[in-house]
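I opened a new notebook page for this structure. I wanted the overall build before any detail.

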Amino acid sequence: MNSQDFRKEAHKLVDWMADYFENIEQYPVKSQLAPQDIYRQIPDSPPQQGEPFEQIFEDFQQKILPGITHWQHPSFFAYFNGNNSFPSVLGEMLTATLAAQCMVWDTSPAAAELEEKVMNWLKEMMGIPANFEGVIQDTASTATLCALLTAREKFSNYQINQKGFQQENFMVYASSETHSSIDKAVKIAGLGIDNLRKIPANKQFAMIPEELDKAIRDDLAVGKKPLCVIATVGTTSSTAIDPVRSLGEICQKYGIFYHIDAAYAGTAALLPEKRWILDGIELADTYLFNPHKWMFTNFDCTAYFVKDKKALIRTFEILPEYLKTQSDALVNNYRDWGIQLGRRFRALKLWFVIRSFGVEGIQNKLRKHLELAQWLKNKIEFHPDFEILAPLEFNLLCLRYKPQDIQDEAQLDFLNQKLIEKINRSGKAYLTHTRLKGTYTIRIAIGQTSVEARHIENLWEILQREAALLNN
Ligand code: PLP
């Protein structure tokens, strides 16, 4: 492919992309294919000679697209959203074009300096304390791993990096509702999953501070060393909010590293009326949220903030001769702020999003999502055959179908599982589930970039209709 072919094909692709967004509602939200359907269609060996792009793109449309679940579909209500937006896609196009590898300041000063500036913007936009410094990580999972590794090194006086584990007996604490990325990070950091204490949650699914305090005391009494507490603002199952300040005070009392995971709900701190969710953030050592979930920024992009930049860098720093530059003492070299050496230019799409929407534009969208969720909650609450199963904190509804004539819990679980399966198979909406206190729970996350009231009204109709049919 030469430059002229590239120009021609790129124009066609941009048209296809615009059509895709315009016609996205014509696709089934969830891919309807069976396992191996795609795999079988791709030749077992690569072509020896190059193929015309037209053919490649034709195969993309015929073979790949049917195997795509359309995360940008306004009726995607599954998991948590992974949004994009027009400015974000444009930013990604330029990032792909420049293909700058932004490991150190020298390798693209604009990438390093824009990242620093945009992270500062986020601090101002969300009331994150000025003494935190931000860096973009790929995912929340990675940022949490960075937090645990930093805690581990700081509390071992950087000796585990040096000598490996001795007999530290470190303990980590998170609520029973915490995301699986915490378990994974504990494993990878070598802390041992048996040393992760899952602290009980209250009826609202938030961590109980007294239980945390007790667990810490119990561990201290037998010679264990409390290392890190992880609070969640917006748990994955129900967007419960751990009491950030109370947990932070416990960390201060015992001298424990404090990390806050606000992967999904952190974006809500953009709204002054929701900023209370971060009350006590100044007590934290590290904090993360994902613009790639609810802030209209293409996956991947996690905003990670640390109070002690020196500890972060000391944990990850490595300085071979070939990476030394003249400017090292004057600039941020983000390769030392995390795990990977090579880094994509992620700040560009975030900059595009914030500038194109403006803070108010993002706030308007978030408020709309909160209102739509509230509307649906009211409908569900007043329906005799449906039940809300968790407080509505943001835009995630937890519910189940509970016809008045069925009391048996196993039968209700089964019915709700069938209900989700039926709706997902219809291609009209995509829902996923969780279990809350053992109960099979339907989750509906309303945070899509292009969702409108009509999509929620439609979903409510589908839910009632399909549920009634199931129970007949
Ligand atoms: N933390 C919470 C609370 C989450 O809900 C999720 C994903 O949904 C994660 C962490 C992991 O996010 P990521 O995919 O960015 O690693």
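My entries go from the whole chain to its aromatic rings.

**Overall build.** I noted at the start that this is a predicted model. I looked up the secondary structure and found 14 helices and eleven strands in the chain. Next I checked the radius of gyration. The chain has 24 Å, which agrees with the value near 23 Å for a compact globule of 472 residues. I also took the box around the C-alpha atoms, roughly 65 × 65 × 45 Å along the principal axes.

**Inside and surface.** I looked up burial: 52% of the 472 residues are buried. Then I turned to contacts with a separation of 6 or more. Of these, 73% join residues 24 or more positions apart. The accessible surface is about 22100 Å², and carbon and sulfur atoms hold 52% of that surface.

**Charges.** I found 52 positive and 58 negative side chains. The centres of the two sets lie 3 Å apart.

**Aromatic rings.** How many aromatic pairs does a search of the whole structure find? I got 21. One I looked up joins tyrosine 20 and tyrosine 27, 5.5 Å centre to centre. Their planes are 55 degrees apart, so the pair counts as tilted. Tyrosine 20 is buried at 14% relative accessible area, whereas tyrosine 27 is partly exposed at 23%.

I then checked tyrosine 264 and tryptophan 294. They are stacked, with 5.3 Å between centres and 10 degrees between planes. Tyrosine 264 sits in the loop between β5 and β6, and tryptophan 294 in helix α10, 30 residues apart. Both residues are buried.

Last, I noted a cluster linked by ring pairs; among its members are Trp16, Tyr20, Tyr27 and Phe86.

How values were computed:
Residues numbered from 1 in each chain as written. Predicted model: local features only at pLDDT ≥ 70, side-chain atom pairs only at ≥ 80, totals over all residues. Heavy atoms only, no water. Helix = DSSP H or I, 4+ residues; strand = E, 2+ residues; numbered from the N terminus. Rg over C-alpha atoms; globule rule 2.2 N^0.38 Å. Buried < 20%, exposed > 50% of the residue type's maximum accessible area, 1.4 Å probe, protein only. Contact = heavy atoms within 4.5 Å. Areas by Shrake-Rupley, 256 points an atom, 1.4 Å probe, with all protein chains shown as cover. Lys, Arg positive; Asp, Glu negative; His and termini not counted. Charge placed at Lys NZ, Arg CZ, Asp CG, Glu CD. Phe/Tyr/Trp six-rings, centres within 6.5 Å; stacked < 30°, edge-to-face > 60°.
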